[in-house]
Amino acid sequence: MATTNPLGINVEKYKYGFFEPEKYVFKARRGLNAAVVNEISHMKSEPDWMRAFRLHAYEHYTQRPMPKWGADLGTIDFDNIFYYIKPTEKRADSWDDLPPEIKRTYDRLGIPEAERKFLAGVGAQYESESVYHNLKDEWEKLGVIFLDTDSALKQHPDIVREYFGTVVPPEDNKLAALNSAVWSGGSFVYIPAGVRVDIPLQAYFRINAQNAGQFERTLIICEPGSYVHYVEGCTAPIYTSDSLHSAVVEIIVKEGARCRYTTIQNWSTNVYNLVTKRAVAYRDATMEWIDGNLGSKLTMKYPSVYMVEPGAKAEILSVAFAGKGQHQDPGGKVIHAAPHTQSVVVSKSISKDGGRAGYRGLVKIYDGAKGSRSAVRCDALILDDRSRSDTYPTMEIDEEDVSITHEATVSKVSDEQLFYLMSRGVKEDEAMNMIVRGFVEPIVKELPLEYAVELNRLIALEMEGSVG
Amino acid sequence: MVTTLAPAGFTRRAVEALSERLADPRWMRDFRLDAFKVYERLAVPTTADEEWRRTDLSGVRWDAFSVDSEPVAGPTERPELPAGVIFTDMRSAVAEHPDLVREHFMRTVVRPDESKFCALHAALWNGGTFLHVPPNAEVTVPLVSEAWIRSDGSALFPHTLIIAEAGSRVTLLDQFGSYAGEWPAFVDGIVEIILRDSAQVRYIAHQDWMAGVTEVGMLRARLARDSSLNSLVVGLGGRVVKSNSESLLEGPGASSEMLGFIFGHNGQHFDLHTLQEHRAPHTFSDLLYKNAVKDHARSVFFGMIRVHQGAQKTNAFQANRNLILSDGAKADSIPNLEIMANDLRCTHGSATSRLNEEHLFYLMSRGLRRLDAVRMVVEGFFAELFDRIPLEDVRARLHGDVDRKMVQ
């Protein structure tokens, strides 16, 4: 593998800065207009309704102003992005069929090992389309569908058409409109009624081409009484100009079903990560978002749960780590629109080396959502005096019969804790590392084993050199 | 978007007439006219502005108000005070202590160009209280001042300015009310408090307008080294109330206690914004807002703790508790933190709940009527707040306020 990229940048010195020479079948032009949207739809041989959906979304995208709150999005050059890149002509059916350079990239992420162990299905998104999918036979027999969304549109057009865009309509926000216009790839998961998928479904997402926009679209449908744990992880190589990642994730959790969605986001620190994730939970359904944000230049991501029928539950666990030049603005939204709904939000954010991390969230209790409960807890750890932590929770309560609590603390690593560990012979940097690991422990323990290991390893990497 | 707020009532002509009537010196007249220019330049805030997102003024008929040109506010009584203490109405202060007023009045704490309503206030202030406590003077009796709405359709711009010099101590109770009648009226009040090194000030704003009043208000204090402020904001009356309470902790060792007691009924709307701004190390702030709403009332608590870089060893606390007493009442809570220092302790908490039926059941099983049981639980809700007010008269009055609001 080359040690410098075409721009002469030594990529080896960056932690996840490995990259592969670009070799793509088709590359759309930079920038976006209705013709490009048409071309994307044509290249994918999509049905007319999807083409119309894309064009409608593009229309809305052009008219919608950029959001003004939160971080400054004015620095993104939307005209300098490739909106669609097709990595290889055919999708690979087994690991051996993958092109060697793509395999090498995955090797460094440890995917084959993961698969060798016990992983059920790997859907890996290299560039804008999934190139590798594998799903255990017995689940296929049960009727579980785990495909990339493009294939799902071809093989299961009726299901896709029934649910696509119903949770996050193109009019929801400007970036959802952009995604709706140019989406490509992502996962489609369908769990039939009563089926419990015991081993997590996993997909890795990667950005590799310079200025490659990644607009994946994930749709998960849990029929009544089913269970699934979907895991999405991202690591991206480093390039010089800014990349944009703007995904839309839609989840429908029907009566009595439970869905858990786990993300470990580790985009390289020049990626704008602007994602719309939303779930609708019906009667007695449970939706859980576990959201780890370590990478990217800017992340604005507020996984939401709309609890629309009695007994629905929501849980959001969020970890954010902002290092030098990073702004993590994650959070969550829980919308109580039915009686006896419950939500728990736990956020842990860490900022160091001038980074900015925090929590932005909404608890909305509609009139009539009697007996609803919501508890929000935000903790922040600031590791040096140049870093910043923000907490912006909003609670809108239109119902009398409720119990809502919010708590937040901001602190530093206490000298006593450090002293205690060091007096036991632990070196200062390791002690600091242990304290930070302990701080995020409540969330890490909810992760599947290999992700917990990966998260701990990433935090250890981020913490390197934090004690001078 | 520039819908003018300047019909018959709020015009340059009105500013000139008021200035003449109050016999302003030339500098004050110029100050008013300059501020009025700023007012004309700025747009009326709309719900598109984050600060005004939850309070909609678009239905307010600005041309229905005219400035009350009689002095509307000032000290209620003038007890005997230590030598050098100035406690007088704003108009007399302008005449008798022009240097002090000119140096501080809307210059160092709140400025006319901050917002349209600050500018309007600067142009049309029509009364208020001036309190200057010289170094190391201690005023032992609580001082009382007041502002009144006296007629239908009047616009009130009361101004309170407190300057507590180094080492001084003083307590001021500011009362705001209506003479009679549920008149539509507009109030745009500003309170400025300057605390020099080691000064101690207790300030209570007791607002009990009749229904029909639209109020925008600002209370801001600047705290120097080792000074301490205890403030209490009481919000009971009015139809739409949007007010800000801000403490700027600028000297090491400064400390601010910020309390809020809000009780809304019928269709009342309270939108309370608070700011605890820590600009120096070793500063302390502790905020507790207790809001109760019944009928179709709505309360909004929007709090911000901002700790600047270098403000190490800061302790900042913010708590908001809301009690929703009726189906149909609403309470929003938005407690924010922006922290740019690392060696500190900073917490905030918010809880919203309704009456605890078990508590009520317990009390009723002891023979209390439901009405009395409810009253007792509501009293209990506020007790944590009232217990922190060391003035017995004020506490008794607040208990009375709760009883009255319960049956209103």
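How many bridges join strand 17 of chain A to strand 19 of chain A, and do the two run parallel or antiparallel? The first legend gives the count. All views show a predicted model.

**View 1. Strand 17 of chain A and its partners.** Strand 17 spans residues 313-322 of chain A. It is joined by 10 bridges to strand 19 (residues 342-351) of chain A, and the two run parallel. Within this pairing, A:Leu317 has A:Val346 as its bridge partner in strand 19. Strand 14 (residues 286-293) of chain A also pairs with strand 17, through eight bridges. This pair, too, runs parallel. Here A:Trp289 is matched with A:Ile316 of strand 17. Nine of the 10 residues of strand 17 of chain A are buried, so the rest of the structure largely encloses this strand.

**View 2. The two sides of helix 1 of chain A.** Helix 1 covers residues 34-43 of chain A. Which of its residues are buried? They include A:Val37, A:Ile40 and A:Ser41. These three lie on the same side of helix 1 of chain A because they cover an arc of only 95° around the axis. The general rule is that an α-helix has 3.6 residues a turn, so residues three or four places apart point the same way. On the other side of helix 1, A:Ala35 and A:His42 are exposed. The buried residues of helix 1 pack against two elements of chain A: helix 2 (48-63) and helix 8 (174-182). Just past the end of helix 1, A:Ser45 adopts a positive phi of about 50°.

**View 3. Where chain A touches chain B.** Chain A gives 30 residues to the contact, and chain B gives 31 residues. On the chain A side, the elements that supply two or more residues are strand 21 (372-382), strand 22 (388-397) and strand 23 (402-411). By type, the chain A residues here divide into 11 nonpolar, nine polar and 10 charged.

**View 4. A strand pair across the two chains.** Strand 23 of chain A is joined to strand 20 (residues 344-354) of chain B. Eight bridges link the two strands. They run antiparallel. One bridge pairs A:His406 with B:Ser350, which belongs to strand 20 of chain B.

**View 5. Chain B as a whole.** Chain B holds eight helices and 20 strands. Its C-alpha atoms fill a box of roughly 70 × 45 × 45 Å along the principal axes. What is its radius of gyration? Chain B has 21 Å, which agrees with the value near 22 Å for a compact globule of 408 residues. Of the 408 residues, 49% count as buried. Of the contacts in chain B between residues at least 6 apart in sequence, 83% join residues at least 24 apart.

**View 6. Confidence along chain A.** The mean pLDDT of chain A is 80, and 76% of its residues score at least 70. Where is confidence in chain A lowest, and where is it highest? The low point is helix 4 (residues 111-117), at a mean of 43. The high point is strand 16 (residues 304-307), at 97. In residues 1-19 of chain A the pLDDT is below 50, and this stretch has 34 contacts in the model beyond near neighbours in sequence. Residues 111-132 of chain A are also below 50. That stretch has 79 contacts in the model beyond near neighbours in sequence.

Technical notes
Residues numbered from 1 in each chain as written. Chains lettered and ligands numbered in written order. Predicted model: local features only at pLDDT ≥ 70, side-chain atom pairs only at ≥ 80, totals over all residues. pLDDT = per-residue confidence, 0-100. Helix = DSSP H or I, 4+ residues; strand = E, 2+ residues; numbered from the N terminus. Contact = placed C-beta atoms within 7 Å. Buried ≥ 20, exposed ≤ 12 C-beta atoms within 10 Å, placed from the backbone. Arc of directions from axis to C-beta. Nonpolar A, V, L, I, M, F, W, Y, C, P; charged D, E, K, R; others polar. Pairing = 2+ DSSP bridges. Rg over C-alpha atoms; globule rule 2.2 N^0.38 Å.
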